[in-house]
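Reader: I would like to go through this model one helix and one residue at a time. Please give the reasoning before each answer.

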Amino acid sequence: TVRDVLETLIHFQQVDGKIYHELTSSGSVHFDASDATPLFVNLMARYAKASGDLAFVKKYIGSVIKAMDYCYSTDTDGDHLIEITNVGHGWLEGGALYGSHTEFYLVGLWNAALNDAAYLAALVGDTQREQQYRQEASVVNEIINRDFWNEKGFFNYGKYKDGSYTKECIVLTSVPVYMQVTDPQKAYRMVSDFASSRYSADWGVRMIDETNPIFNPRAYHYGSVWPLFTGWTSLAEYEVGRYNQGFSHIMSNLLNYKGLSYGRMPEVLNGSVYQSSGVTLHQCWSETMVLQPVVEGMLGFVPDAFSASLTLAPRIPFDWNTLQVANLKVGESS
């Protein structure tokens with residue numbers, strides 16, 4: 001299934017290497033986002049590690065290189081950070097937080113994509129590109145951990161064209177933490193705050209602190225609870241070692257799945273009261289985040305098919321006496 005998804009993304013890849021944001025069932029394709037292209041590279045690497053499908057990587061490495069070249073081309077000011085301006089939105093598509101030149105979320109994805117592209121280049125024996133991507137990843141990593149850090153204890157979300165930064169802390173900064181590109185001590189300090197009642201409702205994590213003057217519990221990007229963000233936050237919490245906090249957010253999503261939507265997961269919930277905001281009542285990425293923090297976070301499952309190995313690092317609740325897991329796949333093995 002993942003291979004089919006990757007081939008669909010590649011089939012509609014723009015001639016300049018950009019990956020689409022949305023594709024309708026009637027074949028209308030939209031390229032109005034900046035984050036889809038680095039995420040495509042990330043997905044290719046994750047597929048390779050899980051499947052061991054070297055033939056697929058060799059067949060489509062050209063599409064990965066085109067995607068990377070496109071990302072490089074969007075850095076118009078030469079600061080090593082890919083951009084939103086004249087490229088397309090990141091996760092924020094509008095609203096009170098919108099309008100930055102680039103985003104911590106986006107450049108964190110870029111850092112991860114450089115690491116992943118280096119991994120893929122090494123698999124196919126392209127040592128020149130492997131070295132290029134690794135060197136750039138090191139530069140980007142230093143920049144984002146130094147320049148985006150706010151001494152109040154979080155990573156600033158957005159950078160403006162004039163070099164200044166946004167002031168709000170929002171949970172999208174948890175994605176680079178999950179992608180393992182943030183300074184561990186800084187990430188721990190920031191992620192710890194997401195457990196507070198200012199961010200966390202019983203049904204998930206709000207985009208921003210509910211005491212912020214712009215907070216609106218019905219606003220799509222500055223007050224709502226997204227199960228997607230809740231899952232990302234949980235994964236970040238497991239990454240920094242806050243396991244109880246991560247499990248609490250797993251349960252927020254799991255109970256939503258059981259209680260709110262009767263076996264489905266909505267895209268967006270109200271940030272102040274336990275009800276759907278009425279946006280897409282059956283959302284795949286919300287349902288993904290019921291599962292992914294369990295497998296990657298609580299179980300600590302990391303496949304590496306090319307070395308015929310896996311990592312299991314369970315971080316389970318202290319009061320559990322038993323745990324049964326089946327059908328974790330590494331290559332052709334379970």
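Author: What follows is a set of questions and answers on a predicted model.

Reader: How many Å apart are the end C-alpha atoms of helix α3, and what span should its 20 residues have?

Author: Helix α3 covers residues 54-73. At 1.5 Å a residue, its 20 residues should span 28 Å. The computed distance agrees with this, because the end C-alpha atoms are 28 Å apart.

Reader: At which residue does α3 bend?

Author: The chain direction of α3 changes by about 55° along the helix. The bend is placed at Tyr60.

Reader: Which helices do the buried residues of α3 pack against?

Author: The buried residues of α3 include Phe56, Val57, Tyr60 and Ile61. Further along, Ser63, Val64, Ile65, Ala67, Met68, Tyr70 and Cys71 are buried as well. These buried residues pack against α1 (2-11), α2 (36-51), α4 (104-123) and α5 (127-147).

Reader: Are α2 and α3 roughly parallel or roughly antiparallel to each other?

Author: The axes of α2 and α3 come within 9 Å and cross at roughly 155°. An angle over 145 degrees counts as roughly antiparallel. Therefore α2 and α3 are roughly antiparallel to each other.

Reader: Which residues make the contact between α2 and α3?

Author: α2 passes α3 in a left-handed crossing. On the α2 side, the contact is made by Thr37, Pro38, Phe40, Val41, Met44, Tyr47 and Ala48. On the α3 side, it is made by Phe56, Val57, Tyr60, Ser63, Val64, Ala67, Met68, Tyr70 and Cys71.

Reader: Are α1 and α3 roughly parallel or roughly antiparallel to each other?

Author: The axes of α1 and α3 come within 11 Å, and they cross at roughly 25°. Angles under 35 degrees count as roughly parallel. So α1 and α3 are roughly parallel to each other.

Reader: Which residues of α1 and α3 make the contact?

Author: The crossing of α1 and α3 is left-handed. From α3, the contact uses Phe56, Lys59, Tyr60 and Ser63. From α1, the residues are Arg3, Leu6, Glu7 and Ile10.

Reader: Is Leu43 buried, partly exposed or exposed?

Author: Leu43 is found in helix α2. Buried means under 20% relative accessible area, and exposed means over 50%. Because Leu43 has 26% relative accessibility, it counts as partly exposed.

Reader: Which residues does Leu43 touch, not counting residues up to four places away in sequence?

Author: Distance along the chain and distance in space are separate things for Leu43: Ala113 is 70 residues apart from it along the chain, with the C-alpha atoms separated by 9.2 Å. The residues that Leu43 touches, leaving out those up to four places away in sequence, are Val2, Val5, Leu6 and Leu9.

Reader: How far apart are the C-alpha atoms of Ala96 and Ala121?

Author: Ala96 is in the loop between α3 and β3 (102-103). Its relative accessible area is 47%, so Ala96 is partly exposed. Not counting residues up to four places away in sequence, Ala96 touches Ile214 and Tyr222. Ala96 and Ala121 are 25 residues apart along the chain, and their C-alpha atoms are separated by 40 Å.

Reader: Is Asn86 buried or exposed?

Author: Asn86 is also placed in the loop between α3 and β3. Its phi is near 65°, a positive value in a residue other than glycine. Because its relative accessible area is 82%, Asn86 is exposed.

Reader: What is the relative accessibility of Gln180?

Author: Gln180 lies in the loop between α6 (174-178) and α7. The phi of Gln180 is near 65°, a positive value in a residue other than glycine. Gln180 counts as exposed because its relative accessibility is 59%.

Reader: How many of the 14 residues of α8 are buried?

Author: Helix α8 covers residues 227-240, and its end C-alpha atoms are 20 Å apart, which agrees with the expected span. Just after α8, Gly241 takes a positive phi of about 100°. The helix itself is mostly covered, and its buried residues number 13.

Reader: What word describes the way α7 and α8 lie to each other?

Author: Helix α7 (residues 184-193) packs with α8 at an angle of about 135°, with the axes 10 Å apart. Ala187, Tyr188 and Val191 in α7 meet Ala236, Glu237 and Val240 in α8. α7 passes α8 in a left-handed crossing. By their angle, α7 and α8 are therefore oblique.

Note on methods
Residues are numbered from 1 along each chain as its sequence is written. This is a predicted model: local features need pLDDT of at least 70, side-chain atom pairs count only at pLDDT 80 or more; totals for chains, interfaces and linings use all residues. Side-chain values use heavy atoms; hydrogens and water are left out. Helices (H or I, at least four residues) and strands (E, at least two) are DSSP runs, numbered from the N terminus. The expected span of a helix is 1.5 Å times one less than its number of residues. The bend at a residue is the angle between axes fitted to the seven residues ending there and the seven starting there. Buried means under 20% relative accessible area, exposed over 50%, partly exposed in between (1.4 Å probe, protein chains only). Contact means heavy atoms within 4.5 Å. Axes are lines fitted to C-alpha atoms, for helices over the stretch in contact, and angles run from 0 to 180 degrees between N-to-C directions. Angles under 35 degrees count as roughly parallel, over 145 as roughly antiparallel, 65 to 115 as roughly perpendicular and the rest as oblique. A crossing is left-handed if the near helix is turned anticlockwise from the far one by less than a right angle, and right-handed if clockwise.
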